[in-house]
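Student: Could you take me through a close look at one part of this model, starting from where the chains meet and working in from there? I'd like one connected story and not a list.

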Amino acid sequence: MKIIILGCGRVGATLAMMMDRAGHTVTVIDYSNDAFQRLDASFGGQTVMGDGIDEEVLQRAGIEQADVFVAVTNGDNRNIMASQIARTVFTVPVVVCRIYDPIRTEVYQKLGLEVICPTLVGAELFRKSIEKNLAKATPDTAPKIR
Amino acid sequence: MYIIIGGGGQIGYYVTKGLLAQGHEVLLLDKDPRRVQTLTDELGSAVLRGDACEARTMDEVGCSRADIVIAVTGDDEDNLVICQMAKERFHVRTTIARVNNPKNEHIFAKLGIDITVSPTKTILHLIETEIPHHTVIPLMTLRRAGLGLVEVSVPPQSPALGKKLAALKLPGECNVVLIVRGQEDIVPSGESIIQAEDQVFALVKGPGEAALREAILGSASS
């Protein structure tokens, strides 16, 4: 599988190394060269420096042959626009987009984007953890959090 | 009309000022508190600090009753999201976006933005075409309709000089909508006579622009 990851932050770099280790062809795009230092020396994929909402940069990263496009820069709007370019202009089969804002998540899910919202996912994990630990602490009297 | 503008740069400022002068209800949003202070000094209560991408902000300012949302920040991704959120969540009928990177123009059109305005492209086009003194200047492109509003000033040696508008036999794709002569604005009819130094404004589609150019500037112009 050819996978393009836009944004080489903690999530982008971790995902890139994971997919690389799993044997996929990975290309990471970031506008800052320094960001690529987050990748291990063992990383076998490609890095492309540039603006992820610029078609030419995406083409340089080989988006026309990509099976998967992931947008994980720290800007919601940048991820949204890049994902829509990947889907609409380059018809990449699988596009996954990170959006922190739950409302924007809802709107773009409705528009057909595959969205992961770390805010919702994170809050839900906290809720579950609190519930589980409360139950452990006082098994009989634990209040149910809904 | 109620018009919300996202992005208080130079374009946002002048558009707000112009629309207020025309008597519209206008709200200008900018994220930067210092910029908002400056804008408020000039434009008063028409300015509010806020992010036009944030649904909560747009909800508070009554986006769902807005007739038009205009996004003119310096970032294309923000302009895109402002317009898409306005359309999808608040069902605003008309959205207008500034496109900073001309390459994004077709993407915006594909993604449902009604009208895109590209200053970069306009300036590039001007440089390409401005070398001869008299030329057809594109003022605005209405992408969806494939229409453009263009301006041409009539040179002293124009073949159209002294002719009636009807005699120019302009095609249906070229509608002359206004002639500015000195201080005078003329809403033209077929009987209007073209004079030197007239500013002619026309709505053109496809070959209409070339036809206008040939009629006003002569065939040597292109």
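Tutor: Sure, let's start at the chain contact. This is a predicted model, and in it 16 residues of chain A are in contact with 15 residues of chain B. On the chain A side, helix 3 (76-89) and helix 4 (102-110) each supply at least two of the touching residues. Helix 3 of chain A gives the most, with eight residues. Sorted by class, the side of chain A that touches chain B has eight nonpolar, four polar and four charged residues.

Now follow helix 3 of chain A inward. What does it pack on? The helix sits on the chain A sheet, where it touches strand 1, strand 4 and strand 5 (94-98). Its direction makes about 175° with that of strand 5 of chain A. The sheet itself is open, with six strands in the order 3-2-1-4-5-6 and parallel pairing. Strand 3 (46-49) and strand 6 (114-116) of chain A are at the edges with a single partner strand each, so each has one side without a neighbour in the sheet. From one strand to the next, the twist averages 20°. Inside that sheet, strand 1 (residues 2-6) and strand 4 (residues 68-71) of chain A pair in the parallel sense over four bridges, and Ile4(A) stands opposite Phe69(A).

Over in chain B, there are seven helices and eleven strands. Buried residues make up 36% of its 222 residues. Of the chain B contacts with a separation of 6 or more, 55% link residues 24 or more positions apart.

Chain B also has an open sheet of six strands, with the order 3-2-1-4-5-6 and parallel pairing. Its edge strands are strand 3 (47-49) and strand 6 (115-117); each has a single partner, so one side of each is left without a neighbour in the sheet. Neighbouring strands here are turned by 20° against each other on average, ignoring direction. As a reminder, strands of a sheet pair through backbone hydrogen bonds, either parallel or antiparallel.

The part I'd zoom in on is strand 4 of chain B. On one flank, strand 1 (residues 2-6) of chain B pairs with strand 4 (residues 68-71) in the parallel sense over four bridges. Ile3(B) has Ile68(B) as its bridge partner, and Ile4(B) stands opposite Val69(B). Strand 4 of chain B is also joined to strand 5 of chain B by four bridges, running parallel; there, Thr94(B) is the bridge partner of Ile68(B).

Are the faces of strand 4 of chain B covered or open? Both are covered: Ile68(B) and Ile70(B) on one side, Val69(B) and Ala71(B) on the other, are all buried. Ile70(B) touches Ile3(B), Ile5(B), Val15(B) and Ile96(B), leaving aside residues up to four places away in sequence.

Two helices of chain B add to the picture around the sheet. Helix 1 (residues 10-21) packs on it, touching strand 1, strand 2 (25-30), strand 4 and strand 5 (94-98), with a direction about 165° from that of strand 2 of chain B. Helix 2 (residues 33-43) of chain B lies across strand 2 and strand 3, running at about 165° to strand 3.

Zoom out a bit and you get the nonpolar core. In soluble globular proteins, nonpolar side chains tend to be buried together. The largest core in this model has 71 residues, and among those with the most contacts inside it are Ile4(A), Phe69(A), Val69(B), Ile70(B) and Ile82(B). Helix 4 (residues 76-88) of chain B contributes the largest share of this core, six residues. A second, separate core of 16 residues includes Val154(B), Ala160(B), Ala202(B) and Ala215(B).

Helix 4 of chain B is mostly covered, with twelve of its 13 residues buried. That list runs beyond nonpolar side chains: Asp76(B), Glu77(B), Asn79(B), Gln84(B) and Lys87(B) are among the buried ones, alongside residues including Leu80(B), Val81(B) and Ile82(B). One last sanity check on geometry: at 1.5 Å a residue, the 13 residues of helix 4 of chain B should span 18 Å, and its end C-alpha atoms are 18 Å apart, which agrees.

Methods. Residues are numbered from 1 along each chain as its sequence is written. Chains are lettered from A and ligands numbered from 1 in the order in which they are written. This is a predicted model: local features need pLDDT of at least 70, side-chain atom pairs count only at pLDDT 80 or more; totals for chains, interfaces and linings use all residues. Two residues are in contact if their C-beta atoms, placed from the backbone, lie within 7 Å. Ala, Val, Leu, Ile, Met, Phe, Trp, Tyr, Cys and Pro count as nonpolar, Asp, Glu, Lys and Arg as charged, and the others, Gly among them, as polar. Two strands pair if DSSP finds at least two bridges between them. Axes are lines fitted to C-alpha atoms, for helices over the stretch in contact, and angles run from 0 to 180 degrees between N-to-C directions. A nonpolar core is a set of buried Ala, Val, Leu, Ile, Met, Phe, Trp, Tyr and Cys residues joined through C-beta atoms within 7 Å. A residue is buried if 20 or more other C-beta atoms lie within 10 Å of its own, exposed if 12 or fewer, and partly exposed in between; C-beta atoms are placed from the backbone. The expected span of a helix is 1.5 Å times one less than its number of residues.
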